[in-house]
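Please look at the chain below and work through the questions that follow.

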Amino acid sequence: MKELLILDIRKKYSYLIPNEIQGTARGDSLIRIEVDTSSPMYEETKRANLYVRKELKAVFFFGWNYKRIYTEEELRNARLFKMSVRKYFEPCGRDCGTVYDTSHVCEICKSGERQVSPLYTRKGSYLNNRDVASTISYEIVVSKRFVEFVKDHSLRGLTFGPVYIGKRLSSDIFQLMVQGCELDFSERSAFGIAPFDFTERCSTEGLFYGEVYKCPKGDNLGGDLLSDAFIKDCDEIEQYDFFISRQTIGVYRGLINQRHILFCSPRMRKLIIDNKIRGFDFEIAHVI
Ligand SMILES: [Zn+2]
């Protein structure tokens, strides 16, 4: 596996990165760079970030992402894949009348809300040319084509809930829901709020003061997943095609809250690709 860290760094600090790293301009003030995380350049980028944060008390980069490229053999041998949804849209269900039960949320990190009504959303173009999309609050909607695809191939571990567009029950949009199995993250997975930043709780004054990213109770593991997903082995991995993580990542902000991570079997990934189901991305999840 080759892992590239993609960072949108501030142009004014680009003198701090090695000359070997070629960047591309993003507007007037940012440069997008790609750094192989196994290369010496990664350590130099890490040092540059630390210098800007600690010495200059400033921000080195804004946007970030990881791109992981696998060999054919790695893909062939994988037992599990992490799935992500490419398209996000607004408004979230809560803003359209979807009801959540907050009576059992964690008193520290506020994770554990449960949706207790059908999903209400608005009409939009979010499923144009794709079969899956997510609200910014991680309510996932799928096309009728996707529902039929799941039934046709008897994929196990997922079910579908009704979606209302305004007050009308939709006949061609459904909510994707898990039915069966939650998987536990192994300690080998790395969580943080951004590359090089493993902050567990925001202690600096300002808008996000007091926010909890890594809950001491273990229900929310961090602001984001920074490494490959490492999952604890269990019998259910062979029994289902679709799973969510038991633990969440993210932070409670009222609308954009914590989320579970999605996983699927190699069979489900292959069927999605072969049948040209549109809108999912995949990475290998390591079962250990
Ligand atoms: Zn908690």
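Q: Which strands do the buried residues of helix 1 pack against?
A: This is a predicted model. In helix 1, the buried residues include Thr45 and Ala48. The buried residues of helix 1 pack against strand 3 (30–36) and strand 4 (61–69).

Q: Why are Thr45, Ala48 and Asn49 on the same side of helix 1?
A: Thr45, Ala48 and Asn49 are the residues in question, and they are buried in helix 1. They lie on the same side of helix 1 because they cover an arc around the axis of only 100 degrees.

Q: Which residues on the other side of helix 1 are exposed?
A: A residue counts as exposed if 12 or fewer other C-beta atoms lie within 10 Å of its own. On the other side of helix 1, the residues that are exposed are Pro40, Glu43, Leu50 and Lys54.

Q: What distance does helix 1 reach from its first C-alpha to its last?
A: Helix 1 covers residues 40–54, which makes 15 residues. At 1.5 Å a residue, 21 Å is expected. The reach in the model is close to that, at 21 Å.

Q: Which residues does Met83 touch, not counting residues up to four places away in sequence?
A: Met83 belongs to the largest nonpolar core, which has 38 residues, and is one of five that touch the most other members. With those sequence neighbours left out, Met83 touches Leu262, Phe263, Cys264, Phe280 and Phe282.

Q: What radius of gyration does the protein chain have?
A: The protein chain has 288 residues, and a compact globule with that number would have a radius of gyration near 19 Å. The value for the chain agrees with this: 20 Å.

Notes. Residues numbered from 1 in each chain as written. Predicted model: local features only at pLDDT ≥ 70, side-chain atom pairs only at ≥ 80, totals over all residues. Core = buried A, V, L, I, M, F, W, Y, C linked by C-beta atoms within 7 Å. Buried ≥ 20, exposed ≤ 12 C-beta atoms within 10 Å, placed from the backbone. Contact = placed C-beta atoms within 7 Å. Helix = DSSP H or I, 4+ residues; strand = E, 2+ residues; numbered from the N terminus. Expected span 1.5 Å × (residues − 1). Arc of directions from axis to C-beta. Rg over C-alpha atoms; globule rule 2.2 N^0.38 Å.
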